[in-house]
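Dear colleague,

I am handing over the structure below, and my notes on what was found in it follow directly after. Please read them with the coordinates open beside you.

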Amino acid sequence: MMELLRKINWRVALVWGLLFVAMSNSFALAEEKLSPEKAYLSDVYKNMMDVNNLHYDVAIKAETPMGEVKITVNGEGQEKPLNYKQDINISYRDVKNKENTVMLKQYIEQNQGNLVLYSLSNEKWIKQIVPIGLSLNKELSADEKISARMDMLQLMKSVKLKKETPSYKYMEITLDSMQISDAIGAVVKLDNVQDKDKDKDMVRAVAVVRLGLLAAGDIKYNIKIDKATKMVKEIDMDLTEPIQKGAGLFLEIANPKDRTNIEDFLTKSTLNMQITYSKYNQVDPIEIPQDVRDNAKEVKPADKATPKK
């Protein structure tokens with residue numbers, strides 16, 4: 001999956017609500033006449049492509065037979081230099097109705113082809129380096145912005161106007177899971193041509209993800225658009241149904257004795273997410289404090305075990 005992450009561009013990820021990404025040159029764009037709703041959304045995305053910094057609030061809520069989980073993320077991001085800072089709060093109520101809370105503080109920056117993460121947990125700073133490639137902060141040309149925007153519209157099966165007020169438009173977007181799966185497959189195929197020694201585990205993982213997408217079916221989410229600025233204010237997603245459908249694929253390969261418990265867990269669980277954007281191009285420059293850089297202890301990923309001869 002790391003190869004796919006290397007295709008992410010900051011602005012493209014922003015437009016997709018940091019959830020979905022369009023891969024450059026991932027598939028041939030079919031000629032189509034845009035519906036009025038898609039044409040309006042295209043104008044919105046054009047504006048979003050010019051965002052250099054913003055504030056975001058993410059709220060995730062999961063209800064399961066084992067308890068309730070709530071995650072909130074309050075942060076700010078900027079493109080040049082690519083930096084993020086965010087506070088994460090994770091609270092969960094277990095089966096004994098005991099409430100637990102975990103709080104994290106993070107700074108994230110791009111350093112050449114890596115993302116460098118500084119995280120504060122239990123009053124200690126740790127540093128992690130994740131290879132990500134250079135495309136995350138690549139400056140898109142005017143033609144590339146148009147191409148990325150059209151790629152994203154192509155992934156949408158439908159766009160519907162659900163409600164309109166004097167200030168806002170509320171639209172429902174249905175993503176075509178088959179198109180997304182094909183786009184991912186095209187990226188992997190291209191990377192395989194360029195890298196003959198690609199990790200076979202990664203290729204298999206991508207294949208499972210593609211199957212999971214197809215099993216999940218089309219994915220719907222809602223967006224709230226500020227009519228005055230033509231900018232996205234909120235993204236709301238109910239991920240319960242696609243996750244339940246997609247997970248059904250894994251039930252087929254799960255241990256038969258565990259299937260009933262897994263199925264019961266999934267059918268009784270819900271997952272919802274909301275992202276709110278504000279302060280477009282109004283965020284103060286983000287800087288990582290020097291004492292964080294000096295005191296963070298680097299944590300390296302465990303090396304793969306050397307196979308026995």
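**What was found**

Met66, Val95 and Phe265 together make a nonpolar surface patch of about 310 Å². Please bear in mind throughout that this is a predicted model. Of the patch residues, Phe265 belongs to helix H8, which covers residues 256-267, and Phe265 is classed as partly exposed because its relative accessible area is 30%, a value that lies between the 20% under which a residue counts as buried and the 50% over which it counts as exposed.

A second site that may interest you is His55, which is located in strand E1, spanning residues 53-64. With a relative accessibility of 16%, His55 counts as buried, since the limit for that class is under 20%. The side chain of His55 is joined to the side chain of Asp57 by a polar contact of 3.2 Å. When neighbours within four places in sequence are set aside, the residues in contact with His55 are Gly75, Glu76, Thr276, Tyr277, Ser278, Lys279 and Val283.

As for the chain as a whole, it comprises nine helices and twelve strands, and 39% of its 309 residues count as buried. Among the contacts between residues at least 6 apart in sequence, 63% join residues that are at least 24 apart. The chain exposes about 17,900 Å², of which carbon and sulfur atoms supply 53%.

With best regards

Conventions:
Residues numbered from 1 in each chain as written. Predicted model: local features only at pLDDT ≥ 70, side-chain atom pairs only at ≥ 80, totals over all residues. Heavy atoms only, no water. Patch = residues over 30% accessible without salt bridge, like charges linked within 9 Å, V, L, I, M, F, W, Y side chains within 5 Å. Areas by Shrake-Rupley, 256 points an atom, 1.4 Å probe, with all protein chains shown as cover. Salt bridge = Lys/Arg side-chain N within 4 Å of Asp/Glu carboxyl O. Helix = DSSP H or I, 4+ residues; strand = E, 2+ residues; numbered from the N terminus. Buried < 20%, exposed > 50% of the residue type's maximum accessible area, 1.4 Å probe, protein only. Polar contact = N/O pair within 3.5 Å; in protein donor to acceptor, adjacent residues only side chain to side chain. Contact = heavy atoms within 4.5 Å.
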